[in-house]
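Thank you all for coming; I would like to walk you through one structure this morning, slowly, since it may be new to many of you. Please have a look at it first, and then we will start with a single side chain and work outwards.

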Amino acid sequence: MMTSAAAKVQGVEQRRTALPSGRAQIRVPSAEEGIRISYIDAKAIEWFGKDSPVIPVGVFTTGLVLMSGLVSFNFANKAMQQNFMRARVVTQGLTIAAMMTSLAVQERQKTLGLL
């Protein structure tokens, strides 16, 4: 088992093993082997990992803004209704972005062997 500087990818040391065909296979070590991850990966896992509160908070915020906008229909204030609907679009977009980031982070965790 050889390791080299070229085999290091984003703070994770990868090990090369020879296949019967003679080609090298890169294997990412499992969590039991004590892998090292970068600071950015650690923060991404902390904020967007499997059990992160970011997505439920985003969904709750989107629902709250939507309900507030629907309540504002009773007051017949067109400007307030428009502002609530714009805020709903923004919070919904942020929630979808958080969901996509969470999917990417979870895929990264699977790649690193942390899930």
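Let me begin with Met100, which, in this predicted model, has a relative accessible area of 52% and therefore counts as exposed, since the cut-off for that word is over 50%. Met100 belongs to helix α3, and together with Val59, Ile96, Met99 and Leu103 it makes a nonpolar surface patch of about 460 Å². Which helix gives the most to that patch? The answer is α3, made of residues 78-112, which supplies four residues.

Staying with α3, we can check its length against what one would expect: at 1.5 Å a residue, its 35 residues should span 51 Å, and the C-alpha atoms at its ends are indeed 51 Å apart, so the two values agree. Where the helix starts, a side-chain oxygen of Asn77 comes to within 3.3 Å of the backbone nitrogen of Ala79, and just after the helix Gly113 takes a positive phi of about 85°. The helix also has a buried set of residues, namely Gln81, Thr91, Thr95, Ala98, Ser102, Val105, Gln109 and Leu112.

Now to the charged pairs: how many salt bridges does the structure hold? There are two. One of them joins the side chains of Arg108 and Asp41, at 3.0 Å from N to O. This pair links distant parts of the chain, for Arg108 sits in helix α3 while Asp41 sits in helix α1, residues 39-48, and the partners are 67 residues apart. Is Asp41 buried or exposed? With a relative accessible area of 11%, Asp41 is buried, because buried means under 20%, whereas Arg108, at 21%, counts as partly exposed.

The salt bridge between Lys43 and Glu46 has their side chains meeting at 3.2 Å, again N to O. Here both residues lie in helix α1, three residues apart, which is about one turn of the helix. Lys43, with a relative accessible area of 33%, is partly exposed, and Glu46, at 49%, is likewise partly exposed, because the cut-off for exposed is over 50%.

To bring the pieces together, helix α3 carries four residues of the nonpolar patch, and through Arg108 it is also tied by a salt bridge to Asp41, in helix α1.

Note on methods:
Residues numbered from 1 in each chain as written. Predicted model: local features only at pLDDT ≥ 70, side-chain atom pairs only at ≥ 80, totals over all residues. Heavy atoms only, no water. Patch = residues over 30% accessible without salt bridge, like charges linked within 9 Å, V, L, I, M, F, W, Y side chains within 5 Å. Areas by Shrake-Rupley, 256 points an atom, 1.4 Å probe, with all protein chains shown as cover. Salt bridge = Lys/Arg side-chain N within 4 Å of Asp/Glu carboxyl O. Helix = DSSP H or I, 4+ residues; strand = E, 2+ residues; numbered from the N terminus. Buried < 20%, exposed > 50% of the residue type's maximum accessible area, 1.4 Å probe, protein only. Expected span 1.5 Å × (residues − 1). Polar contact = N/O pair within 3.5 Å; in protein donor to acceptor, adjacent residues only side chain to side chain.
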